[in-house]
Each structure stands twice: as structure tokens, then as C-alpha cells.
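Trainee: I have not met this structure before, and I would like to learn how to read its features. Could we look at it together?

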Amino acid sequence: ATAAAWNIHRTGGHAEAANVVAEIAASVRAKTVIRTAEELFKRVDIDSTLRKRGMSPTVLATNRQRRRDDLKRIAFGADLGVSGVEFVVAETASCAIVPHKGVARLATLAPPKLVLVIEESQVLETLDDFFAITRLQYQQNRGRSPNYYNFISGPSRTADIEQTLTIGVHGPGEVHMVLIAN
């Protein structure tokens with residue numbers, strides 16, 4: 001993961017992870033922070049931790065006052081995105097984002113800086129493990145599967161025809177993994 005330009009933060013628990021996310025937000029001088037609406041954030045209370053530091057996170061989800069069109073504007077205006085993951089593949093240092101209720105892909109793609117919060121139980125050894133699990137889930141769900149799997153393997157990179165590498169053009173240019181040991 002370090003070779004792929006991830007910033008790795010190991011924590012001993014959920015409260016420590018929330019503090020690390022707040023420290024990252026402060027260090028990148030984030031004025032606007034968005035996050036997904038996953039169950040994970042009931043255990044990792046980044047909202048109150050960020051508020052104590054004067055930042056007000058926005059949950060990137062539709063509601064009665066916010067339409068789907070508003071989400072794009074909010075996401076691209078944010079300084080920092082925070083999300084959970086479905087799995088992390090150790091052999092490739094790739095975080096798999098799988099669409100389901102509470103997961104807004106924009107939170108991981110639009111802001112220039114990204115924090116992914118990972119629980120130890122989500123780490124898989126190989127891509128083969130990931131595909132075995134998703135195949136099993138497909139069978140258990142009677143042939144229903146997600147529309148996409150989004151793999152994040154470090155900061156966004158692109159190169160022109162002369163191989164001049166540019167970071168952060170098509171996604172976050174700075175990425176952080178916050179690993180929670182259970």
C-alpha cells in the first residue's frame with residue numbers, strides 16, 4: 001500500500017479511528033468534509049469528532065431537502081471525502097467499494113483528498129478471495145449482483161503520450177487508509 005502511495009494510519013479502535021480522520025482533515029486544511037451514510041459511521045463517530053474541531057461534515061445522501069442533482073455539486077465542492085469499504089485486497093492494496101444503500105460513489109471520486117476507513121475483518125489476502133466471496137454472494141442473492149465494483153488502488157494517476165505522470169486529475173490526488181484493529 002505504501003508503494004502505491006497510500007498514507008497508512010493504524011488504529012486500535014473506533015474512537016481512535018475517528019480522531020485520526022479528524023487529524024487528517026485538519027492536516028489537509030479541509031473546510032468541507034463529506035462522508036457516506038454507511039453503518040460503519042455508527043461505530044466510528046467522525047461527525048462529533050470533526051465538529052469538536054470546528055468542521056461540519058455532510059452526509060452525501062438524498063433526503064427531503066436534497067435532490068440527487070445537489071449531491072454532485074456538494075461532492076465536487078468538498079475538500080475531503082470519507083467512506084468505508086466493502087473489502088481491501090492486500091496483494092494489490094486495492095479497496096473495493098460496492099454499491100448499496102448509504103454508499104455514494106461520488107464521495108470517493110470527487111473530492112481531491114480521500115480517507116477510507118477499514119475494519120480488520122474486511123481485509124482479504126488476494127483478488128481470488130474477493131471474487132470467491134462475491135461469487136458466493138451472487139449465488140445467495142439468487143443471481144442479483146451490484147452494477148459495478150469500484151477498486152481504488154491509490155491516488156488518481158494519468159499520463160499523456162509522452163508519459164508525463166499527473167496525480168489527481170480523475171479522482172483524489174491524496175488517499176489515506178485508516179485501519180482499525182479489532
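Trainee: Which residues of β4 lie on one side of the strand and which on the other, and are they buried or exposed?

Mentor: Please keep in mind that this is a predicted model. On one side of β4 are Leu80, Val82 and Gly84, on the other are Gly81 and Ser83, and all of them are buried, so that both faces are covered. Because five of the five residues of strand β4 (residues 80-84) are buried, the strand is largely enclosed by the rest of the structure.

Trainee: In what order do the strands form the sheet?

Mentor: Strands of a sheet pair through backbone hydrogen bonds, either parallel or antiparallel. Here six strands form an open sheet with parallel pairing, and their order is β1-β12-β7-β4-β2-β3. The edges are taken by β1 (6-11) and β3 (58-59), each of which has a single partner strand, so one side of each is left without a neighbour in the sheet.

Trainee: How many bridges join β4 to β7, and how many join β2 to β4?

Mentor: Five bridges join β4 to β7 (residues 113-119), where Leu116 is the bridge partner of Ser83. Three bridges join β2 to β4, and there Val33 has Leu80 as its partner in β4. Strand β2 (residues 33-35) is also joined to β3, by two bridges, with Ile34 opposite Thr58.

Trainee: Turning to the surface, which residues form the negative patch?

Mentor: That patch is formed by Glu91, Glu125, Asp128 and Asp129. Asp129 belongs to helix α6 (residues 127-140), and because its relative accessibility is 31%, Asp129 counts as partly exposed.

Methods
Residues numbered from 1 in each chain as written. Predicted model: local features only at pLDDT ≥ 70, side-chain atom pairs only at ≥ 80, totals over all residues. Heavy atoms only, no water. Patch = residues over 30% accessible without salt bridge, like charges linked within 9 Å, V, L, I, M, F, W, Y side chains within 5 Å. Areas by Shrake-Rupley, 256 points an atom, 1.4 Å probe, with all protein chains shown as cover. Salt bridge = Lys/Arg side-chain N within 4 Å of Asp/Glu carboxyl O. Lys, Arg positive; Asp, Glu negative; His and termini not counted. Charge placed at Lys NZ, Arg CZ, Asp CG, Glu CD. Helix = DSSP H or I, 4+ residues; strand = E, 2+ residues; numbered from the N terminus. Buried < 20%, exposed > 50% of the residue type's maximum accessible area, 1.4 Å probe, protein only. Pairing = 2+ DSSP bridges.
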